[in-house]
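Morning, everyone. I have one structure to go through today, and I will keep to the details that can be pointed at on the screen.

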Amino acid sequence: MGNRQHIPLQKVVTVLPRPVLRRSKTLMRRKWRLRRKRLRKPSARLQIATGGAAGSVSYNEGYNSGYNGGYDKGHEDGYRQGRYDGESRNEWKEGVESLIDSFVPEYEVLADFTAEQIVAAGVESLRSRFRHLLTPDELGGRVLHALETKAPFSLVRLGDGELLTMAQDTVLGVQQVREQGSFLGYAGVNVPDLEARDQLRDAVRKASVVGIPKLRVRNYQPLAVAVFKAHGIELDSLTLTDSLINYYLYQAGYLSRITSGRRVLVVGTLAEPLSNYLRGCGVNVAAWVSPVDGVKDVPRVMNEIAAHSFDIAFVAAGVAAVLISQRIASELGKVAIDFGHLANSMLKGEAPFK
């Protein structure tokens, strides 16, 4: 190509011997150490404490040598492990950087952009594919409309417990669900329980609004998408909101608005103390139903619920809350809210009624 001279491989080895490469690495390491703090001369008090000038020299040499050696080793180890100036090791960032590397062609780089900028650009390019989650105001408006028109309405929320239950023998094996969902017994599901899995599937399909996790971490949003696909549930067929919408409704002040002038039914293990608390806040609690002993207890609980007159139900009953909330709407024509751990927060004083 042109007048470029071909240099034999043997000459390349001769031109760049290994000692030169080693020296180059040494220079790079020195550049990494530029931020090292310089030690000042010891004070007179320190000299006396270490045996005068001679003692201080010996002490200083040992101290400096140990300090510098330890600092250099720690700094270089940290650099090699992917640490950044001014921040501790960030596994998320390291993972994203590695993922970006896997998509950039060989012998090409995106050196002018940070990982955050690259991810932001990618997300922005997919804006037309965003799926809207109902905001607190949008959902609150729907709840109020259902109450005013006496229309059935159910809000169900899917967390890791519900999603792992639905994942049994579909997305995950039973043993995997046992290992990752060790808390499911507390939430009301004894794995394996394929009947509960299928009941949740049907409840999700029939619910007015379904809350899904916004977090893209294991057993949350990615598991929700995988579970829906496994059960043949199309995302476009669902009206979605954030699975934490119970808290967001509370923060937006909708609890007082949807309970004002209405008869409220409280369902769940904490139903009695929560009812007493709400009554103390001026809420007209018509009745409470407790306990709810897991998903197997739902038929009995529904029979008890049907015996009461109410306008809206707050259901805090673990995984069973999804089934109960949906059935209250479809079978009794009422409004039901999957209340979740907001009940605990209110009773602890963390979320005063408003």
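Start at Phe153, which stands opposite Val335 in β7. This is a predicted model, so please hear everything that follows as a description of a prediction. Phe153 belongs to the pairing of β1, residues 153-157, with β7, which is parallel and runs over 3 bridges. β7 also pairs with β6, residues 312-316, again in the parallel sense, here over 4 bridges. In that second pairing, Phe314 has Ile337 of β7 as its bridge partner. To get from β6 to β7 the chain passes through helix α17, residues 320-332, and this β-α-β crossover is right-handed.

What about the two faces of β7, residues 335-338: covered or open? Both are covered. Val335 and Ile337 are buried on one side, and Ala336 and Asp338 are buried on the other. Val335 is thus a name to keep for two reasons: Phe153 is across from it, and it sits on a covered face of the strand.

Next, helix α16, residues 298-306. Which of its residues are buried? They are Val298, Val301, Met302 and Ile305. Looking down the axis of α16, these buried residues fall within an arc of 100°, so they line one face of the helix. Among the elements that cover them are β4, β5 and α17. That last one is the helix we just met in the crossover from β6 to β7.

The same helix holds a charged pair. Glu304 and Arg300 form a salt bridge, with N to O at 3.1 Å. The two are 4 residues apart in α16, so about one helical turn separates them. Glu304 is partly exposed, because its relative accessibility is 28%. Arg300 is partly exposed as well, at 37%.

That brings me to salt bridges in general. Side chains of opposite charge can pair when their charged atoms come close. Across the whole structure, the search finds 12 salt bridges. I will take two more pairs and one network.

The first pair is Asp236 with Arg131, at 2.4 Å from N to O. Where do the partners lie along the chain? Asp236 is in the loop between α12 and β3, Arg131 is in the loop between α6 and α7, and their positions lie 105 residues apart in the numbering, so to speak: they are 105 residues apart. Asp236 counts as exposed, at 65% relative accessibility, because the cut-off for exposed is over 50%. Arg131 has a relative accessible area of 43% and is partly exposed.

The second pair is Asp311 with Arg263, where the closest N and O atoms are 3.1 Å apart. Asp311 comes from the loop between α16 and β6, and Arg263 from the loop between α14 and β4, so this pair ties together parts that are 48 residues apart in sequence. Is Asp311 buried or exposed? At 17% relative accessibility it counts as buried, since buried means under 20%. Arg263, at 33%, counts as partly exposed.

The network consists of Arg197, Asp198, Arg201 and Asp202, which are linked by salt bridges. For orientation, α11 covers residues 194-206.

Now the backbone. Which peptide bonds are worth checking for cis geometry? One is the bond from Val191 to Pro192, which is cis with omega near 0°. Pro192 is placed in the loop between α10 and α11. Another cis bond joins Ser290 and Pro291, with omega about 0°. Pro291 is in the loop between β5 and α16, and α16 is the helix with the buried face described earlier.

Two residues other than glycine have a positive phi to look at. For Asp169, phi is near 55°. Asp169 is in the loop between α8 and α9, and with 49% relative accessibility it counts as partly exposed. For Asn219, phi is near 70°. Asn219 is in the loop between β2 and α12, and at 10% relative accessible area Asn219 is buried.

To go back to where we began: β7 pairs in parallel with β1 and with β6, and both of its faces are covered. That is what I have.

Notes. Residues are numbered from 1 along each chain as its sequence is written. This is a predicted model: local features need pLDDT of at least 70, side-chain atom pairs count only at pLDDT 80 or more; totals for chains, interfaces and linings use all residues. Side-chain values use heavy atoms; hydrogens and water are left out. Buried means under 20% relative accessible area, exposed over 50%, partly exposed in between (1.4 Å probe, protein chains only). Two strands pair if DSSP finds at least two bridges between them. A crossover is right-handed if, with the strands pointing away from the viewer, the path from the first strand over the helix to the second runs clockwise. A salt bridge is a side-chain nitrogen of Lys or Arg within 4 Å of a carboxyl oxygen of Asp or Glu. The arc is that of the directions from the helix axis to the C-beta atoms. Contact means heavy atoms within 4.5 Å.
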